Amino acid sequence: MEDEMFEPLMYVLNQLVTWITAGAMVFGGVVPYIPQYRDIRPTQKAEGFSTYVCLVLLVANILRILFRFGRYFETPLLWQSIVMIATMLIMLNLCTNVRVATELQTKKRSFTVLSVVTVTKEEVTVPKKLFLDFEWSHFWSWSRFVDYMQCVVAFTLLVAYITYLLLDSSLFVETLGFLAVFAEAMLGTPQLYCNYQNKSTEGMSINMVTMWMSGDSFKTGYFLLTEAPVQFWTCGLLQVGVDITILLQVYYYSRYPQKPVSHSASHTTNAL
């Protein structure tokens with residue numbers, strides 16, 4: 001009798017835990033970017049955030065969605081990719097607007113300093129960098145958000161067409177899945193390399209890396225428990241390893257400083 005009473009309760013608890021876990025998987029990855037967005041918007045300063053982070057995550061999640069056509073994985077992981085793509089596009093839109101406005105203000109100030117003649121708005125213009133110009137030197141530093149959208153749509157259509165043609169090839173499908181999660185796993189390596197080059201972690205947000213590690217650890221555990229494809233949990237472990245290595249850099253460079261970091265050097269690092 002008692003077992004019959006507890007069965008509905010255990011079912012409800014199990015469903016609740018499942019929903020909470022799925023919600024954490026879907027929205028947990030975008031949490032670190034919320035404070036970044038709230039910091040950029042009022043200050044109108046985006047130098048501390050690299051739009052190449054958006055590029056890596058857009059590529060990784062587009063490939064992951066296409067991978068699902070060849071090999072099924074949990075629906076929360078699909079929604080996680082959709083939410084992350086939307087978040088990265090929002091960040092790109094904000095950073096592009098801020099960067100263009102900053103470039104315009106900088107050019108106005110330079111004209112004011114170099115000339116005593118009043119400079120009109122028409123005279124002060126920033127050369128536009130467009131996706132359809134196909135200039136490699138301008139890649140991912142275009143002047144309009146619509147150019148980033150054109151690039152994302154073109155990439156998606158191209159890879160989707162290739163996937164359609166090779167969907168029957170298990171080798172292609174498995175490679176596609178590996179590239180999707182491997183690209184995301186490499187998200188922390190630019191920061192790792194930058195710290196190594198500078199011999200310092202000055203100017204890096206430790207809280208951001210800590211949130212990366214906690215999120216990656218949870219995600220990897222979820223992959224293992226739900227028996228996700230091997231590509232997912234393998235690269236998840238790689239991500240956790242990169243995060244831990246960055247935190248070890250923080251400890252090492254704080255305990256054994258390699259070189260003094262001046263204020264100007266720190267400012268330059270943040271700008272990069």
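Before the structure itself, one convention: Ala, Val, Leu, Ile, Met, Phe, Trp, Tyr, Cys and Pro count here as nonpolar, Asp, Glu, Lys and Arg as charged, and the others, with Gly among them, as polar. I will come back to that when I get to the cavity.

What you have above is a predicted model. The chain has 272 residues, and 33% of them count as buried. Its secondary structure is 10 helices and zero strands, so the order of elements from the N terminus is α-α-α-α-α-α-α-α-α-α. About 16800 Å² of the chain is exposed, and 66% of that comes from carbon and sulfur atoms. Looking at contacts with a separation of 6 or more, 72% are between residues 24 or more positions apart.

Now the cavity. How many cavities of 30 Å³ or more does the structure hold? There is one. The space in this largest cavity comes to about 40 Å³. Its lining consists of Arg64, Val181, Glu184, Lys219, Phe223, Phe232, Cys235, Gly236 and Gln239. The helices α6, α8 and α9 each give two or more residues to that lining. The top contributor is α9, with four residues. Here the convention from the start comes in: the lining divides into four nonpolar, two polar and three charged residues.

Let me take one residue from that lining, Gln239. Gln239 sits in helix α9, which covers residues 230-255. Is Gln239 buried or exposed? Its relative accessibility is 8%, and buried means under 20%, so Gln239 counts as buried. If we set aside the neighbours within four places in sequence, Gln239 is in contact with Glu184, Ala185, Asp216 and Lys219. Two of these, Glu184 and Lys219, are also named in the cavity lining. With Asp216 there is in addition a polar contact between the side chains, at 3.5 Å.

Asp216 takes us to the second largest pocket. The volume of this pocket is about 390 Å³. It is lined by 25 residues, and those closest to its centre are Gly29, Trp212, Gly215, Asp216 and Lys219. So Asp216, the polar partner of Gln239, and Lys219, a contact of Gln239, both appear in that central group. Which elements give two or more residues to the lining of this pocket? They are α1 (2-28), α3 (51-70), α4 (75-114), α6 (170-185), α8 (206-225) and α9. The largest share is from α8, at seven residues. By class, 13 of the lining residues are nonpolar, eight are polar and four are charged.

Next, two residues in helices that I have mentioned for the pocket. The first to look at is Leu63, in helix α3. Leu63 has a relative accessible area of 8%, which makes it buried. Not counting residues up to four places away in sequence, Leu63 touches Phe155, Val159, Leu176, Leu179 and Ala180. Take Leu176 from that list: Leu63 and Leu176 are 113 residues apart along the chain, yet their C-alpha atoms are separated by 6.6 Å.

The other is Thr87, in helix α4. Thr87 is buried as well, with a relative accessible area of 17%, and the cut-off for buried is under 20%. With residues up to four places away in sequence left out, Thr87 touches Val30 and Tyr33.

Last, a point about the backbone. Most residues other than glycine have a negative phi. Phe134 is not a glycine, but its phi is positive, at about 55°. Trp140 is not a glycine either, and its phi is positive too, at about 60°. Where are they? Phe134 is found in the loop between α4 and α5 (145-165), and Trp140 lies in the loop between α4 and α5 as well.

What sets these two apart is accessibility. Phe134 has a relative accessibility of 63%; exposed means over 50%, so Phe134 counts as exposed. Trp140, at 3% relative accessibility, counts as buried.

To go back over the main stops: one cavity of 30 Å³ or more, with Gln239 in its lining; a polar contact from Gln239 to Asp216; and Asp216 among the residues closest to the centre of the second largest pocket.

Definitions and conventions
Residues are numbered from 1 along each chain as its sequence is written. This is a predicted model: local features need pLDDT of at least 70, side-chain atom pairs count only at pLDDT 80 or more; totals for chains, interfaces and linings use all residues. Side-chain values use heavy atoms; hydrogens and water are left out. Buried means under 20% relative accessible area, exposed over 50%, partly exposed in between (1.4 Å probe, protein chains only). A polar contact is a pair of N or O atoms within 3.5 Å; within protein, one must be able to donate a hydrogen and the other to accept it, and residues adjacent in sequence count only if both atoms are side-chain atoms. Contact means heavy atoms within 4.5 Å. On a 1 Å grid over the protein atoms alone, a cavity is a set of points where a 1.4 Å probe fits but cannot get out, and a pocket is an open set with protein on both sides within 12 Å along at least five of seven lines; lining residues have an atom within 4 Å of a point. Grid points are joined across faces, edges and corners, and a volume is the space filled by probe spheres set on the points. Accessible areas come from the Shrake-Rupley method with a 1.4 Å probe; for residues, only the protein chains shown count as cover.
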